[in-house]
Amino acid sequence: MTNMTLTCAIIDDEPLAAQLLQSYVKEISYLQLTGAYNSALTAMADLRHHPVDLLFLDIQMPELSGMEFAKLLPADTRIVFTTAFKQYAIDGYKVSAFDYLLKPISFDSFLATAEKALLWFSRRNQEKSTYEDRFIFIKSDYRLIRIMLDDILYIEGLKDYVRIKLANGERIMSLINMKRLEELLPRPEFMRTHRSYIAHMTNISTVDRQRIMFNDDAIPISDNYKEEVLRFLDLHTMA
């Protein structure tokens with residue numbers, strides 16, 4: 001994770017605020033500043049044609065506000081809003097802001113956001129790699145077993161262990177944390193349906209109100225995960 005570099009840019013019409021953020025970026029080895037701009041309009045061409053990983057974006061600016069500009073950016077750009085006004089936080093999250101920094105911004109809060117971004121991009125790259133390779137290795141009985149993603153029906157959490165049910169009926173036990181495995185698997189192809197279950201959504205055969213069926217096998221849908229599961233099913237349902 002420490003070998004990763006995140007490109008970033010700063011947009012702020014206050015010169016002192018922009019300079020402060022630039023000084024913070026210089027202190028963090030994995031951040032690479034590609035540009036600092038005093039308005040969203042001057043940054044528009046650069047950031048749309050050469051997008052960055054992370055954008056520190058002021059909200060209150062003349063001509064084009066940060067909120068308006070955020071809607072024009074590539075989806076892969078993570079936006080961190082910087083502002084002196086707390087009331088913008090909710091609006092920021094409505095445009096999928098990655099984080100929100102309240103001015104005056106301390107180095108500690110800036111570093112916390114940078115670390116959060118590094119973790120997010122590291123996990124995304126890991127998921128992307130797993131999705132493209134279409135297999136994972138799982139430790140079981142002192143062996144490394146290769147499991148093709150397409151062969152997985154569901155995963156069941158059993159305290160410190162997980163049990164992976166495959167399409168051929170085989171069950172593989174492994175001493176691995178359920179959350180760690182969930183982070184490794186590509187989403188939304190693999191989705192939590194219950195505190196103790198992760199379903200391979202593309203291998204579902206039928207669904208009723210409280211269960212997901214894989215041929216003759218079934219796993220539950222709990223209330224805590226029901227909304228996300230239903231949202232996925234709605235996107236793949238022909239009325």
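Buried here means under 20% relative accessible area. Keep that cut-off handy, and remember that this is a predicted model.

**Exercise 1. Work out how well strand β1 is covered, and on which faces.**

Start with the count. β1 spans residues 6-11, and six of its six residues fall under the cut-off for buried, so the strand is mostly covered.

Next, split the strand by face. In a regular strand the side chains alternate between the two faces of the sheet. One side of β1 carries Leu6, Cys8 and Ile10, while Thr7, Ala9 and Ile11 sit on the other. Every one of these residues is buried, so both faces of β1 are covered.

**Exercise 2. Find the strands that pair with β1 and say which way they run.**

Take β2 to begin with. This strand covers residues 31-37 and pairs with β1 in the parallel sense, over six bridges. For a spot to check in the viewer, go to Cys8: Leu33 of β2 stands opposite.

Now turn to β3, residues 54-58. β1 and β3 also run parallel, joined by four bridges. Here the spot to look at is Ile11, which has Leu57 of β3 opposite.

Finally, trace the link from β1 to β2. Helix α1 (residues 15-26) belongs with these two strands in a β-α-β unit, and the unit is right-handed.

**Exercise 3. Describe the sheet that contains β14: its strand order, its pairing sense and its edges.**

Write down the order: β13-β14-β15, three strands in an open sheet with antiparallel pairing. The edges are β13 (206-207) and β15 (217-220), each of which pairs on one side only.

Then zoom in on one pair. β14, residues 211-214, meets β15 through four bridges in the antiparallel sense. One bridge to look up is that of Met213, whose partner in β15 is Ala218.

**Exercise 4. Characterise the second largest pocket by volume, lining and residue classes.**

Volume comes first: about 190 Å³.

For the lining, select Phe137, Ile138, Lys139, Ser140, Asp141, Leu144, Tyr161, Met173, Ser174, Leu175 and Ile176. Two elements, β6 (135-140) and β10 (171-174), give two or more residues each to this lining. Which of the elements gives the most? That's β6, with four residues.

Last step, sort the lining by class. You should end up with seven nonpolar residues, two polar and two charged. If your tally is off, check Tyr161, since Tyr counts as nonpolar here.

How values were computed
Residues are numbered from 1 along each chain as its sequence is written. This is a predicted model: local features need pLDDT of at least 70, side-chain atom pairs count only at pLDDT 80 or more; totals for chains, interfaces and linings use all residues. Side-chain values use heavy atoms; hydrogens and water are left out. On a 1 Å grid over the protein atoms alone, a cavity is a set of points where a 1.4 Å probe fits but cannot get out, and a pocket is an open set with protein on both sides within 12 Å along at least five of seven lines; lining residues have an atom within 4 Å of a point. Grid points are joined across faces, edges and corners, and a volume is the space filled by probe spheres set on the points. Buried means under 20% relative accessible area, exposed over 50%, partly exposed in between (1.4 Å probe, protein chains only). Two strands pair if DSSP finds at least two bridges between them. A crossover is right-handed if, with the strands pointing away from the viewer, the path from the first strand over the helix to the second runs clockwise.
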